[in-house]
Amino acid sequence: MLVAALFLLGLPSVVTSFQSSQWTLVLIFAIAVMGLNVLVGYSGQISLGHGAFMALGAYTTAVLISHYHVNYLLTIPIAGLVTGMIGFLLGVPALRLSALYLALATFALAVVTPSLIKRPDKLTGGVQGILLVPPDPPQFASSAFATLTNGPQMTSEQWLYYLSLGIGAVLFWLAWNVIRHRPGRAMRAIRDGEVAAAASGINVAGYKTLAFGMSAFYAGIAGSLFGLATGFVSPDTFPVALSFQLLVGAVVGGLASIAGPLLGGTVMYWLPIVSSQTISSQDWIPTQISSVFVKAGPAVTYGALLILIMIFAPTGVVGLITSGYAALRNRLRGAGERGTGQMPPDPQTV
Amino acid sequence: MQEFLQQVVSGIASGGIFASLALALVLIYNAMGLVNFAQGEMAMFATFVAFTLIDRGMSYWIALPLTLVIAFAGGVLIQRAVIRPVERAPVLTLVIVTLGLATLINGLAGFLFGYVPRSFPSPFSVHTVSVLGALVSYRDLGVIAVSAIVLVLIYLLLQRTTLGLTMRAAAHNPDASRLLGVRVSWMLALGWGLASAVGALSGIMVAPILLLEPNMMQTIIIYAFAAAVLGGIESPLGAVVGGLIVGITVNLAGAYLVGGDLQLAIAFLIIVAVLVVKPNGLFGRPSVRRV
Amino acid sequence: MELLEIEEVRAGYGPTQVLHGVSLAVAEGEIVSLLGANGAGKTTTLRAICGGVRWDGAIRLSGRSLRRMSTEDIVRSGVAHVPEGRGILTDLTVAENLRLGEHLRRDRSQVRKDYDRVFEYFPILRERRSLSASTLSGGEQQMLAVARALLMRPRLMLLDEPSLGLAPLVVKSIFDIIRDINHTDRVGVLLVEQNARLALELSTHAYVLEVGRVAVTGLSADLKGDDSVRRSYLGY
């Protein structure tokens, strides 16, 4: 953990500004994945629509800045709270849906979101979206950075990196505490068996909607930062694929684990980019096959990798490492009963 | 009034398309308790196959059944290769696998066929004919007719043949069916094949209307979800009825209420409303599904 | 060579071992009863024969080992299993259930005759032909299950607690029919029952399971007459 922290803190000083901005996106995705992890991994509810929450957060920030000239820093928590509240409210009808239906409904939400954004075009800028100017770093930060690294003043990309890192760290600490204490235990109890949990006196409805709201809050903040970091929001920046990538990030990174989200964020950002390159560099795959993958583009590799990961490591890479491969295969092959979207028990408690 | 009638007929035609794809979803749900998020992409891919055949000179009326057969084989293959290894996994895993499949197929289609929208031929002209005073296009009538025929054939297959009986048995109660000598695993594969073929039909019928490109089915699948959910995800009849209702409703709402761009939002509302008010849909059984 | 031979079979569910070395045999056209208290392993034995549970040891049908065969293939070799709970497909009609019994058979004219027999034994099934099987009462569902098994024309029939939850008169008529099927078609029957008295009257040989092992075996007639066996193992 400490190593990771040092690495993350030091990163911008050793890489280019552009690369910092790439890692900013990793951090932003990690924040969203953290929230989704709470929902899916800990409380056992599936959402294929968290891209919509990110969109909501991003647009809240964009609209507040461009129409109402609110200070950008202030828009971040506002975006989070607005999205969180909507998430909490949506969590109420979600209670009535079984896992599959919830996946279906949230999937539909993700598909519908771009057209919902386009409609009120006076506010949202319609198809063209809203442009945001990336904020300049505040003077104190910029000078401190320059002094510490013996280099130039901080760029706005680097500032956004640190901003995201700071917010991410706070949210991480928040999530960690929730998980560690009663809400986390309650959620896990719900995930592993709702009826039993209810029978033990756990307020199932309350915790499930809390999980929804919390995960939406995180996604909203991530969306807000996303808008600031990329400088542009439009309906097309939040397609269905984003929601799916978030879920993939959560699953591959390891559901119901704490280190997972960071890995998940990394995977989310890099996998589409890197997958075709990785495949072609693997010597043991015959060139005919790998060249198909390279030419076919990231989607094919992405999809194929995903399927393979689900077949062999359904609790994600982190789970794979901690539980051991054989145990996971057994759990997947024979023991699983398909019920209300219950995940295998979490392999690690932090 | 005339325009209203036209919209209704148009809605019925759309409904036929939605019903076919919804039926595919229902077939797989009945077999495995799983919603196949890749159904739309599978249909799109099959439509591209049909396009390629026709482009190479094959007559539409030969390419159509041939494509359905190919789609059938594809569905069986996918079940054997991808789904069977994760058959007993939790819902989330299966959802992700089908989503991964969707991504893969979409990317593959883009790679093989490109992203340029193509126009897909229809054997029915767009000329209109007057029915009860309203102007209805031959194409809409054709879609209605073809959907109806295929749906009736599927009904006959499932309800009147031994094969259909064993497929239904395997879907409803695999353990008891095994004790009767039914090869359950193969019945599941056939179910996927059949669903794939039916889905392909919906793709082929919608392609002349929208343009054929890899993302063509992404909105149609939402309408199909709405139809399946409304009709009851376990009921083939529900898929048909649901499809018709969704088709007509969305068409009318688009024309008179909210405008074309929000038709998808209407479908979403239907999904949410049904799931919250009557999750089993119109024809679904209230019984709890076996786990 | 017997119709069914089971040798030193061990079986269980995961970490729980239920059978600890069970051996029994059913000759061609013979009725054998498998008795014992709840949890003794009777159902598990039947499941093992049909491949529904992992087992060690030897199980042979007419000399052919059943290891590695899937349930449906074992059934297709001539085994009909009427499980506890009857295995009725309640989403289907009575006629469809019966059809599933005979759908694999090629001898269609004989099938027609068998349908006549089935309806003669169980007229109610003809009456309720087009209705959903879920509308049948417990006793009627048991009749349907036995009728369906008859239509399968098996060489070996495995019956798990056919009397469970049924009124005495219904039980009697079902047992009469089993006796008749066995007599007419020379079908071997392995009958698991808690109602030991009826089972002993119907069968020629009997095995009593206790905690996963065969505790007592012998001719049913002998066991019936042996008071100590009856009291210790059979509860009456």
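Chain C and chain B meet in a contact that takes 21 residues from chain C and 18 residues from chain B. The model is predicted, and every value given here is computed from it. The area buried between chain C and chain B is about 1,700 Å², and carbon and sulfur atoms give 62% of that area. The interface of these two chains holds 3 salt bridges. In one of them, Arg178(B) pairs with Glu72(C), with 3.7 Å between the closest N and O atoms. Between chain C and chain B there are also 5 residue pairs in polar contact, counted where both residues have pLDDT 80 or more.

On the side of chain C that touches chain B, two elements give two or more residues each: α2 (71–76) and α3 (94–102) of chain C. The largest share of that side comes from α2(C), with 5 residues. By residue class, the side of chain C that touches chain B divides into 9 nonpolar, 5 polar and 7 charged residues.

Thr71(C) gives a closer view of this contact. Thr71(C) is found in helix α2 of chain C. Leaving aside neighbours within four places in sequence, Thr71(C) is in contact with Arg178(B) and Leu179(B) across the interface, and with Cys50(C), Gly51(C) and Gly52(C) in its own chain. Arg178(B) is also the residue that forms the salt bridge with Glu72(C). Thr71(C) has a relative accessible area of 13% and therefore counts as buried, the cut-off being under 20%. Thr71(C) lies 9.3 Å from Arg47(C), C-alpha to C-alpha, with their positions 24 residues apart in sequence.

The other helix named for chain C, α3, contains Asn97(C). Is Asn97(C) buried or exposed? Asn97(C) is buried, and its relative accessible area is 0%. Not counting residues up to four places away in sequence, Asn97(C) touches Ile88(C), Leu89(C), Leu92(C), Ala133(C), Leu144(C) and Arg148(C).

The second interface of chain B is with chain A. Here 47 residues of chain B are in contact with 48 residues of chain A. The two chains bury about 4,300 Å² between them, 78% of it on carbon and sulfur atoms. Three residues, Leu92(B), Ile96(B) and Phe111(B), supply 15% of the area that chain B buries against chain A, more than any other three residues. How many salt bridges cross the interface of chain B and chain A? The rule finds 0. The count of residue pairs in polar contact between chain B and chain A, both at pLDDT 80 or more, is likewise 0.

Four helices of chain B, α1 (2–32), α4 (91–113), α9 (217–231) and α11 (263–277), each supply at least two residues of the side that touches chain A. Of these, α4(B) gives the largest share, 15 residues. The side of chain B that touches chain A divides into 37 nonpolar, 7 polar and 3 charged residues.

Within chain B, helix α10 covers residues 236–257. This helix has 22 residues and reaches 30 Å from its first C-alpha to its last, close to the 32 Å expected at 1.5 Å a residue. Its buried residues include Gly238(B), Gly242(B), Val246(B), Val250(B) and Gly254(B). An α-helix has 3.6 residues a turn, so residues three or four places apart point the same way. The buried residues of α10(B) pack against α1, α9 and α11 of chain B, and those three helices are among the elements that supply residues to the side touching chain A. After α10(B) comes Gly259(B), whose phi is positive, near 90°.

A positive phi also occurs in two loop residues of chain C. Most residues other than glycine have a negative phi. Glu161(C) has a positive phi near 50° and sits in the loop between β7 (156–160) and α7 (168–185) of chain C. Val211(C), also not a glycine, has a positive phi of about 45° and lies in the loop between β9 (205–210) and β10 (213–219) of chain C. Glu161(C) is buried, at 5% relative accessible area, whereas Val211(C) counts as exposed, at 57%.

Chain A itself has 350 residues, of which 55% count as buried. There are 17 helices and 2 strands in chain A. Among its contacts between residues at least 6 apart in sequence, 75% join residues at least 24 apart.

Key. Residues numbered from 1 in each chain as written. Chains lettered and ligands numbered in written order. Predicted model: local features only at pLDDT ≥ 70, side-chain atom pairs only at ≥ 80, totals over all residues. Heavy atoms only, no water. Contact = heavy atoms within 4.5 Å. Buried area = accessible area lost by both parts, 1.4 Å probe. Salt bridge = Lys/Arg side-chain N within 4 Å of Asp/Glu carboxyl O. Polar contact = N/O pair within 3.5 Å; in protein donor to acceptor, adjacent residues only side chain to side chain. Nonpolar A, V, L, I, M, F, W, Y, C, P; charged D, E, K, R; others polar. Expected span 1.5 Å × (residues − 1). Buried < 20%, exposed > 50% of the residue type's maximum accessible area, 1.4 Å probe, protein only.
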